[in-house]
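Notebook open, coffee poured. I want to go through this one piece by piece and jot down what I look up.

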Amino acid sequence: ILIAPMERTISFTLNGKPVRVRVDDERMLLWVLRSDLGLTGAKFGCGAALCGACTVIVDKEAVRSCATPVKEVAGKRVLTIEGLSREGRLHPIQDAFVKRNAFQCGFCTPGMILNAYALLLKTPRPTRAEIVRHMEDNLCRCGSHLRIVEAIQAAAGAVKGGA
Amino acid sequence: MRPDDLSRRELLALPGAGLLVVFPVEAEAQERARQGHPSDFNAYLRIGADGRVACFVGKVELGQGSMTSLAQLLAEELDVALDSVDMVMGDTDVCPWDMGTFGSLSHRQFGPVLRGAGAEARAVLLKLAAEHLQAPAERLQVKGGIVTDPSAPARRVTYAQLVQGKRIERRLEKAPVKPVAAFTVIGQSPRRKDALEKVTGRARYAGDIALPGMLHARILRPPAHGATLRDVDTTAAEKVQGVRVVRDAEMVAVLHERPDVAEKALGLVKARFDRPRPGVDDKGIFDHLLKAAPEGRVVSERGNVVDGARLCESLVERTYFNSYVAHAAMETHSAVAMIEGGKATVWAGTQTPFPVKQQVAQALGFAPENVRIVTPYVGGGFGGKSASRQAIEAARLAKITGKPVQVVFDRSEEFFYDTFRPAAVVTIVAGLTGAGKIAAWDYKVYCAGDREATQFYDIPHQRTVSSGNWSGGGTPGLHPFGTGPWRAPSVNTNTFARESHIDILANQVGVDPVEFRLSHLSDKRMRRVVEAAAKQFGWKPGRTPSGRGAGVACAIYLGTYVATMAEVAVNKSTGRVEVKRVVCAQDLGLVVNPDGSRQQMEGSIMMGLGYTLTEEVRFKDGEILDRNFDTYQIPRFSWLPKIETILIDNPDTPASGCGEPPIVNIGAVVANA
């Protein structure tokens, strides 16, 4: 006898569009996004909410999707890196990352950008210390920290009326 | 590598499809030249009918920016717009052979090859244009891939028009590369070619590739190095819907079309392992290394250290220790393998696609020409992705299951199978004369390797002995698990030891450490970086240890000169070390992309803080105790010092490496402060 998972239908808004998935709702959002929905911008880095590579926005909060069961986003609005640019125009944070070369290998970049997005939603004009504190638990091994901080500062100046 | 449109059809259609092929490539030329860079420039570039230039290189983009800087080299020599160059990197079917992306070699060693290919292609194209325009080649000018005759500006022809639809007989002639004064693309800092894909999530890494019918594999791993599987019960895992269990030789794998379901099913596998006999741990490792290290080898010798010691008033002896350090790239080892029609294609996050091709062929029993490695973006390497076990595992499982298979290590596997920077020991005995000069230097390095171990300070009597290296030096059992190259292999250890010892000697004679260094340096390039760093830093002469938290260290790394100064604060009650400011001056010869070089310097400095302050892999009896970022702490935003980088203007010296040199000074500069 095969063990079949308990599947439920979960509905939420993904990058502005309604989606319904029929899944074992204990599965982590990261895998549903990457594997079931084909959105691979959120990355697997540690599997234990320690590195931030899987960061997505749920409603207005930055969330570690590797440790968020998909049932927790039912009825909520999920934003991934794929949904950040609108009509082919980069979001000011993305634009600042490009202009400042605030990445190297790029693997942590989607998580960095979305975590910064959550910061600017709440604090449109953060101080450098606030940026550092907010970004502290997003890891980058290439050492782009300096440029990421500068890019967020530049984006904060460019975002009108919050992100 | 064109991860924006990584469709399977297109990837498989690229080689020999005839769309891009303009210059006839001798079919066997690449294969014959497999163990060296081909001399036929056609191996490196193709000009399409649309005027776009495809540039084929065996190097891969790890984050270091070579997708952009190598394109700059070709665009410069070929006289085409940088935006018209499409880089195809690390694809073994279409790119010329390359040993791998490491050792800061992409510019130092491969740069001249690529520039030469571009210059030669340009010369051939000019000849063709001369025939087409009926004007002498010497009179023609090229810009943006358009050849014009200045005496008759209406007469023009594009590269695309020259090569379109024709089979052009290859005409080899050695053409000189451009002089520095003529550069318009080299020396600029254009937008990185990977920027848009990386900020939008469109950049594809190996783990992002999904093929129809693909299964995700999770593999049963031993609890410790040296442990062997005694028995295994996969019954419960097999009951999970959609799961497939594979047992092949030593490998037990659980596969499912969803990676997390495969992971969960792996958790249902009951396995018992026989543990290895108790061995070393992170405390006893240094004694073990000193006992087990192979016979030392004299790397270099000048004068006679015994004679030198006789000239000295005092001898200073110290021993320096380095721990195992993990690469810990943010992307874990990842690969997707597919076998179709007797040919295996493996998309792998690797630094060494060509060696991996051979390894996969061997594992599958395939001829090498029936294996293709495609390298998408790689999420950091630092030496750790030279070893690419995951690619072989994915290929084996694809062969067994008959389906495409993805293998992505979890973080625990990543630490377990990492080829760590080796733990190492250095002993130095140095002697000072009554005049405060170093007259003797006897240096022994164990298990780190001899790269840049030889002294560059002016010391008349010196000897450098090395025993073992970062891969173990051919001594089985030297290291209790895998070791390998780690960003600037062996040089972090050698620089930490040398520069720490130089500071101790400066202290002994009561001389400022910068002045002490300069008094032993006749190498002009080294003097220049030290002086540049001191000026920017505002170095105030004084005795060492400074007591005010200012340190200096310098190094040569494979032709690159680097001097670093740092300001460090120590909380005397907690012992917490905070690096407040780092000034780094580097002379890497010709700078192809200044902003790219600064990125590498900043990254090296940040990464270096990790091995200096927190990083150390703990282990016991073959078990790796640090398996994730909770206990293995890498640098974070709050560690960020003020960083100031200086690039020495030295364009007439060929480009050397840039991504590794600055990291080697960090251990000593912090210790010396």
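**Core.** I started with the largest nonpolar core, which has 237 residues. Those with the most contacts inside it are Leu45(B), Cys55(B), Ala337(B), Val346(B) and Ala394(B). I then asked which helix gives the most to this core. That turned out to be α5 of chain B, residues 110-133, with nine residues.

**Confidence.** Note to self: this is a predicted model. I found an ipTM of 0.97 and a pTM of 0.94. For chain B the average pLDDT is 91, and 93% of the residues score at least 70. I flagged residues 1-33 of chain B, where pLDDT stays under 50. The model has 54 contacts beyond four places in sequence for that stretch.

**Around Val346(B).** I picked Val346(B) from the core list and looked up what it touches. Skipping neighbours within four places in sequence, I got Ala335(B), Ala337(B), Val360(B), Ile373(B), Ala391(B), Ala394(B) and Ala395(B). Two of these names, Ala337(B) and Ala394(B), are also in my list for the core.

**β15 and β16 of chain B.** Next I checked how β15 (residues 343-348) pairs with β16(B): parallel, over four bridges. Opposite Trp347(B) I found Val374(B) of β16(B). Then I went along β16(B), residues 371-374, to see which way each residue points. Val371(B) and Ile373(B) go one way, Arg372(B) and Val374(B) the other, and all are buried. I put a mark beside Arg372(B), a buried residue of this strand.

**Sheet in chain A.** Over to chain A, where I traced an open sheet of five strands in the order β2-β1-β5-β3-β4, with mixed pairing. Its edge strands are β2 (17-24) and β4 (61-64), each pairing on one side only. From one strand to the next, the twist averages 40°. I zoomed in on β3(A), residues 55-58, which runs antiparallel to β4(A) with four bridges between them. Val56(A) has Val63(A) of β4(A) as its bridge partner. Lying across β3 and β4 of chain A is helix α3 (residues 109-122), at about 35° to β3(A).

**Where A meets B.** Last stop, the interface. I wrote down 48 residues of chain A in contact with 52 residues of chain B. Which elements give two or more residues to chain A's side? They are α1 (29-36), α2 (92-99), α3, α4 (128-135) and α5 (145-158) of chain A. So α3(A), the helix I saw across β3 and β4, turns up here too. I split chain A's side by type and got 28 nonpolar, 16 polar and four charged residues.

Note on methods: Residues numbered from 1 in each chain as written. Chains lettered and ligands numbered in written order. Predicted model: local features only at pLDDT ≥ 70, side-chain atom pairs only at ≥ 80, totals over all residues. Core = buried A, V, L, I, M, F, W, Y, C linked by C-beta atoms within 7 Å. Buried ≥ 20, exposed ≤ 12 C-beta atoms within 10 Å, placed from the backbone. Contact = placed C-beta atoms within 7 Å. pLDDT = per-residue confidence, 0-100. Pairing = 2+ DSSP bridges. Axes fitted to C-alpha atoms, helices over the stretch in contact; angles between N-to-C directions. Nonpolar A, V, L, I, M, F, W, Y, C, P; charged D, E, K, R; others polar.
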